[in-house]
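Student: Can you walk me through this protein? I have the model open and some quick questions.

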Amino acid sequence: MSGPGMMQDSVLGVMTAAPAATVCLLFLLVILAAGRWCGLRDIGAPSRVSCCCGQVVVEFPEAMPRYRVACCCRDCRQKVSWAAARGGPAVPSQVLAQDRPLDCLYFCNLFRVVRGVEHVSFNRLREGTPTTNCIAGCCHTILFIDNPFYKNKCLLVQADVARVQTDMSQAKEPDVYIALDNWPANKAKALPALASGQTGDPAAFGADAQKSAFETFGESCYAPPPEWAQKDYPSTFKSLIADTGGKVETLGLIEGGPVT
């Protein structure tokens with residue numbers, strides 16, 4: 001059994017035996033209590049995203065995702081379906097049937113390609129679309145996605161198709177649903193309520209709640225990467241495009257249309 005009293009006794013015992021160790025212990029306790037979004041996501045093993053065949057591996061310095069969303073966007077479903085039709089990772093049947101949204105994680109826009117950079121390419125669904133996709137050409141896995149809305153600060157990873165190794169202890173469920181207007185109304189209303197209070201009914205998630213969710217996203221995803229990582233993690237989305245030849249293919253897919 002543990003509790004505040006036992007914690008106090010334990011700390012006091014360490015203080016008596018080794019004051020320096022106590023300072024370290026107390027500092028660690030403060031760090032852990034500070035929460036997930038205080039620039040301390042880098043405690044622990046770095047996160048990794050890889051393609052389904054394992055030839056491309058990308059590493060992010062932070063140990064856990066910055067944010068998690070359930071994405072109802074038709075473009076996200078179209079791009080994973082396009083990849084699957086070309087031998088990429090299978091899309092979960094629940095996602096295809098629109099019984100649940102895609103599971104998406106955000107990581108900082110600072111990383112290193114551990115291996116397989118020769119397989120990396122980029123595309124967009126159509127002219128005028130804001131998002132650009134980073135693809136592992138060896139197996140058509142979408143590794144991560146950039147959007148001007150991310151302000152060069154973060155990247156989106158579709159965890160249903162890419163292989164992700166990260167600490168999910170602070171992201172056990174999505175923070176919000178996004179693009180609910182792209183989801184059938186009857187199925188949206190059947191989506192489970194999130195801890196944020198959001199349901200699949202857009203009208204039930206008022207202006208104040210939406211503002212709070214946007215502020216949380218900004219605090220989480222627009223935060224700078226850890227300073228210590230600048231040397232060991234030299235790549236950003238834009239620099240990787242440049243390093244791999246600067247080409248971004250336009251697929252020419254019709255919005256909401258077929259992928260073949």
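**A quick tour**

Tutor: The protein chain comes to 7 helices and 12 strands. Keep in mind that this is a predicted model.

Student: How much of the protein chain counts as buried?

Tutor: Of its 260 residues, 44% count as buried.

Student: And what share of the contacts comes from residues 24 or more positions apart?

Tutor: Such pairs account for 71% of the contacts with a separation of 6 or more.

Student: Let's pick a helix. What is the reach of α6?

Tutor: Helix α6 covers residues 207-221, which is 15 residues. From first C-alpha to last, α6 reaches 21 Å, close to the 21 Å expected at 1.5 Å a residue.

Student: Which residues of α6 are buried?

Tutor: They are Ala 213, Phe 217, Gly 218, Ser 220 and Cys 221.

Student: What covers them?

Tutor: The cover includes strands β3 (67-71), β4 (102-108), β9 (154-158) and β11 (176-178).

Student: New topic: pockets. How much space lies in the largest pocket?

Tutor: About 740 Å³. The lining has 31 residues, and the closest to the pocket centre are Tyr 106, Phe 149, Tyr 177, Ile 178 and Ala 179.

Student: Which elements supply at least two residues of that lining?

Tutor: β3, α3 (74-85), β11 and α6 each do. So α6 turns up again here, because it supplies part of the lining.

Student: What is the lining like by class?

Tutor: It has 21 nonpolar, 6 polar and 4 charged residues.

Student: Now cysteines. How many disulfides are there?

Tutor: The count comes to 0. Take Cys 51: the nearest cysteine sulfur, that of Cys 139, is 3.6 Å away.

Student: Why is Cys 138 not bonded to Cys 53?

Tutor: The Cys 53 sulfur is the closest cysteine sulfur to that of Cys 138, but at 3.6 Å it is too far for a bond. A disulfide needs the two sulfur atoms within 2.5 Å.

Student: Are those two, Cys 51 and Cys 138, buried or partly exposed?

Tutor: Cys 51 is buried, at 0% relative accessibility. Cys 138 is partly exposed, with a relative accessible area of 26%.

Student: Last one. Where is Pro 89?

Tutor: Pro 89 sits in the loop between α3 and α4 (93-96). Pro 89 is buried, because its relative accessible area is 11% and the cut-off is under 20%.

Student: What is Pro 89 in contact with, past its neighbours within four places in sequence?

Tutor: Cys 52, Ala 84, Cys 139, His 140, Thr 141 and Val 161. Ile 142 is 53 residues from Pro 89 along the chain, and their C-alpha atoms are separated by 8.8 Å.

Notes: Residues are numbered from 1 along each chain as its sequence is written. This is a predicted model: local features need pLDDT of at least 70, side-chain atom pairs count only at pLDDT 80 or more; totals for chains, interfaces and linings use all residues. Side-chain values use heavy atoms; hydrogens and water are left out. Helices (H or I, at least four residues) and strands (E, at least two) are DSSP runs, numbered from the N terminus. The expected span of a helix is 1.5 Å times one less than its number of residues. Buried means under 20% relative accessible area, exposed over 50%, partly exposed in between (1.4 Å probe, protein chains only). Contact means heavy atoms within 4.5 Å. On a 1 Å grid over the protein atoms alone, a cavity is a set of points where a 1.4 Å probe fits but cannot get out, and a pocket is an open set with protein on both sides within 12 Å along at least five of seven lines; lining residues have an atom within 4 Å of a point. Grid points are joined across faces, edges and corners, and a volume is the space filled by probe spheres set on the points. Ala, Val, Leu, Ile, Met, Phe, Trp, Tyr, Cys and Pro count as nonpolar, Asp, Glu, Lys and Arg as charged, and the others, Gly among them, as polar.
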